[in-house]
Amino acid sequence: MVGDTTEAKECQLKDPMDLFRSGQVVKICAPMVRYSKLAFRTLVRRYSCDLCYTPMIVAADFVRSAKARDSEFTTNKGDHPLIVQFAAKEAQVLCDAARIICPFANGIDLNCGCPQRWAMAEGYGACLINKPELVKDMVRHVRNQIDNPKFSVSVKIRIHEDLKRTLDLCQKAEAAGVSWITVHGRSIEERHQPVHYDAIKTIKQSMSIPIVANGDIKTLKDAENVHRLTEADGVMVARGLLANPALFAGYEETPFKCIQDWVDIALEHGTPFTCFHHHLMYMMERITSKQEKKVFNVLSSTSAVLDYLNTHYGV
């Protein structure tokens with residue numbers, strides 16, 4: 001876990017809610033397992049991303065183990081505003097995790113949206129949308145136990161088939177003091193079906209806190225359309241940013257400058273090869289031929305990747 005007292009003080013001076021008060025649509029990088037780590041957050045911040053989330057961290061492990069804290073969370077002075085997303089099912093465990101992270105981040109987010117079987121079997125993620133009282137309790141506990149009034153407490157949810165239940169959940173979270181809610185506009189069962197932007201709009205119109213829309217945003221034009229359809233205060237993007245980290249800056253596909261930036265940042269941060277390579281595979285998906293992909297995707301060392309990029313693209 002990286003950070004010093006100077007960084008901590010700087011971090012506490014920043015209030016992520018200021019982004020929502022600006023009147024501009026807040027452009028957000030989603031929490032992505034393995035992918036939204038420090039190096040990638042550094043990259044997307046260069047291309048008009050306003051707010052970044054860490055990958056989901058299991059709060060109980062984070063509280064219990066210094067090793068987990070060191071491997072799961074790194075940050076630096078430029079990595080703000082930053083939201084740390086936790087999987088939790090007990091209010092006090094979430095509070096303990098929030099207290100540890102508070103000096104190094106601008107807020108925490110409770111994951112109530114992950115539909116993966118393992119998470120739901122453990123009582124984490126999307127199963128929490130069916131436990132509104134527990135969500136309310138967790139939000140309230142963190143609010144009561146963290147002294148810094150600028151430290152945000154948000155939740156990320158999926159919707160119910162019966163939207164009344166989602167509205168009830170959101171209203172309970174709002175009453176407990178939640179800062180904003182991110183809504184992925186699909187139910188737990190839905191994977192690739194169309195996103196219910198109308199549901200996000202209904203939630204937005206029923207709440208007085210900021211609402212962030214999430215789901216199927218691949219371009220800046222998509223982000224603008226989703227904002228128009230939902231009236232949401234922010235848009236959160238996951239896979240679209242993996243494919244094009246410069247999406248929020250208006251690029252239709254990943255520019256070579258962005259690929260060069262990724263190489264520089266990843267090498268500087270000592271990014272493990274698999275992660276370094278996977279990000280490049282995503283970024284180059286739309287700009288390489290089938291034949292080029294066959295060659296590039298089986299490269300097995302950083303030096304081989306660097307040679308390939310230099311030879312073929314002058315990167």
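The UniProt annotation "domain: DUS-like FMN-binding", taken from an unreviewed entry, covers residues 29–292. Please keep in mind throughout that we are looking at a predicted model. Within the annotated span, 45% is helix and 14% is strand. The C-alpha atoms at the two ends of residues 29–292 lie 28 Å apart.

Let me turn to the division of the chain. The domain assignment gives domain 1, residues 16–249, and domain 2, residues 256–313. Taken over C-alpha atoms, the centres of domain 1 and domain 2 are separated by 29 Å.

How many residues of domain 1 are in contact with domain 2? There are 16, and they meet 13 residues of domain 2. The area buried between domain 1 and domain 2 comes to about 1,300 Å². Carbon and sulfur atoms give 64% of that area.

I now come to the polar side of this interface. The rule finds four residue pairs in polar contact across domain 1 and domain 2, with both residues of each pair at pLDDT 80 or more. On the side of domain 1 that touches domain 2, two elements give two or more residues each, namely α3, residues 38–45, and α12, residues 239–243. Of these, α3 gives the most, with five residues. By class, this side of domain 1 has ten nonpolar, three polar and three charged residues.

Which residues form a salt bridge here? They are R46 and D261, and their closest N and O atoms are 3.5 Å apart. The count of salt bridges between domain 1 and domain 2 is one. As a general point, side chains of opposite charge can pair when their charged atoms come close.

For the model overall, the count comes to 13 salt bridges. One further example is the pair R99 and D96, whose side chains meet at 3.4 Å, N to O. Where do R99 and D96 sit relative to one another? Both belong to helix α6, residues 91–101, and because they are three residues apart in this helix, about one helical turn separates them.

Finally, I would draw your attention to two features of the backbone. The first concerns H80 and P81: the peptide bond from H80 to P81 is cis, with omega near -5°. P81 lies in a loop, which runs between α5, residues 66–72, and β4, residues 82–87.

The second concerns R34. This residue has a positive phi of about 70°, although it is not a glycine. Where along the chain is R34 found? It lies in the loop between β1, residues 26–29, and α3. The helix that follows this loop, α3, is also the element that gives five residues to the side of domain 1 touching domain 2.

Key
Residues numbered from 1 in each chain as written. Heavy atoms only, no water. Domains from an automatic or database assignment. Contact = heavy atoms within 4.5 Å. Buried area = accessible area lost by both parts, 1.4 Å probe. Salt bridge = Lys/Arg side-chain N within 4 Å of Asp/Glu carboxyl O. Polar contact = N/O pair within 3.5 Å; in protein donor to acceptor, adjacent residues only side chain to side chain. Helix = DSSP H or I, 4+ residues; strand = E, 2+ residues; numbered from the N terminus. Nonpolar A, V, L, I, M, F, W, Y, C, P; charged D, E, K, R; others polar. UniProt positions renumbered as here; feature names shortened; annotations may be inferred.
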